[in-house]
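The following questions and answers examine one protein chain. Each answer sets out its reasoning before it closes on the value or name requested.

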Amino acid sequence: MSPSSDVSYNILPSPHFLIKDSKIIIEHDKDKPVEIAEIKKLKVFVYQGNFFKKENIEFKKVYINDTKF
């Protein structure tokens with residue numbers, strides 16, 4: 001996924017990251033990355049129990065809105 005300049009963290013309704021205007025890019029060939037999706041709004045809900053352990057963050061739900069594949 002490409003970095004987005006608009007990433008925020010919200011507590012309500014449950015802890016989640018909101019990422020706006022991002023892209024999913026795969027490296028099909030090492031010389032030619034391929035963009036497979038352009039996402040306007042991505043919400044990633046996380047469990048609170050392991051939130052502070054960056055290596056072990058577990059996702060609860062992922063919502064993808066307004067996407068072009």
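A contact here means heavy atoms within 4.5 Å. The model under discussion is predicted.

Q: Among contacts in the protein chain between residues at least 6 apart in sequence, what percentage join residues at least 24 apart?
A: The contacts considered are those between residues at least 6 apart in sequence. Within that set, the share joining residues at least 24 apart is 31%.

Q: How many helices and how many strands does the protein chain have, and which pattern does the chain follow?
A: The protein chain contains 0 helices and 4 strands. Read along the sequence, the pattern is therefore made of strands, as runs assigned by DSSP, and is written β-β-β-β.

Q: What is the order of the strands in the open sheet?
A: The sheet is open, has 4 strands and shows antiparallel pairing. Strand 1 and strand 4 (59-68) are its edge strands, each pairing on one side only. From one strand to the next the twist averages 40°. The order of the strands is 1-2-3-4.

Q: Over how many bridges do strand 1 and strand 2 pair, and how many residues lie between them in the hairpin?
A: Strand 1 and strand 2 (residues 16-29) pair in the antiparallel sense. One of the pairs joins Asn-10 to its bridge partner His-16 in strand 2. The pairing covers 5 bridges, and the residues between the two strands of the hairpin number 5.

Q: Which peptide bond is cis, and what is its omega?
A: Pro-13 is found in the loop between strand 1 and strand 2. The peptide bond leading to Pro-13 from Leu-12 is cis. Its omega is near 5°.

Q: Which residues form a nonpolar patch on the surface, and what is their accessible area together?
A: One member, Tyr-9, is found in strand 1 (residues 6-10). Tyr-9 has 35% relative accessibility and so counts as partly exposed. The patch is formed by Tyr-9, Ile-11 and Leu-12, with an accessible area together of about 340 Å².

Q: Over how many bridges do strand 2 and strand 3 pair?
A: Strand 2 and strand 3 form a hairpin with 2 residues between them. Asp-29 has Lys-32 in strand 3 as its bridge partner, and Ser-22 has Ile-39 in strand 3 as its partner. The antiparallel pairing of strand 2 and strand 3 runs over 11 bridges.

Q: Over how many bridges do strand 3 and strand 4 pair?
A: Strand 3 spans residues 32-46 and pairs with strand 4 in the antiparallel sense. Val-46 has Phe-59 in strand 4 as its bridge partner, while Glu-38 stands opposite Lys-68 in strand 4. The pairing extends over 8 bridges.

Q: Why is Ala-37 classed as it is, buried or exposed?
A: Ala-37 has its place in strand 3. The cut-off for a buried residue is under 20% relative accessible area. Because the relative accessibility of Ala-37 is 1%, the class is buried.

Q: Which residues does Ala-37 touch, not counting residues up to four places away in sequence?
A: One of the residues touched is Ser-22, which is 15 residues from Ala-37 along the chain. The C-alpha atoms of Ala-37 and Ser-22 are separated by 8.5 Å. The full set touched by Ala-37 is Ser-22, Lys-23, Ile-24, Thr-67, Lys-68 and Phe-69.

Q: What is the phi of Asp-21?
A: Asp-21 lies in strand 2. Its phi is positive, in a residue other than glycine. The value is near 55°.

Q: What is the phi of Asp-66, and why is this residue classed as buried or exposed?
A: Asp-66 is found in strand 4. Although Asp-66 is not a glycine, its phi is positive, at about 50°. Because its relative accessibility is 58%, Asp-66 counts as exposed.

Q: What percentage of the residues of the protein chain count as buried, and what share of the accessible surface belongs to carbon and sulfur atoms?
A: The protein chain has 69 residues, and its accessible surface comes to about 5,600 Å². The residues that count as buried make up 22%. The share of the accessible surface belonging to carbon and sulfur atoms is 53%.

Technical notes. Residues numbered from 1 in each chain as written. Predicted model: local features only at pLDDT ≥ 70, side-chain atom pairs only at ≥ 80, totals over all residues. Heavy atoms only, no water. Buried < 20%, exposed > 50% of the residue type's maximum accessible area, 1.4 Å probe, protein only. Areas by Shrake-Rupley, 256 points an atom, 1.4 Å probe, with all protein chains shown as cover. Patch = residues over 30% accessible without salt bridge, like charges linked within 9 Å, V, L, I, M, F, W, Y side chains within 5 Å. Salt bridge = Lys/Arg side-chain N within 4 Å of Asp/Glu carboxyl O. Pairing = 2+ DSSP bridges. Axes fitted to C-alpha atoms, helices over the stretch in contact; angles between N-to-C directions.
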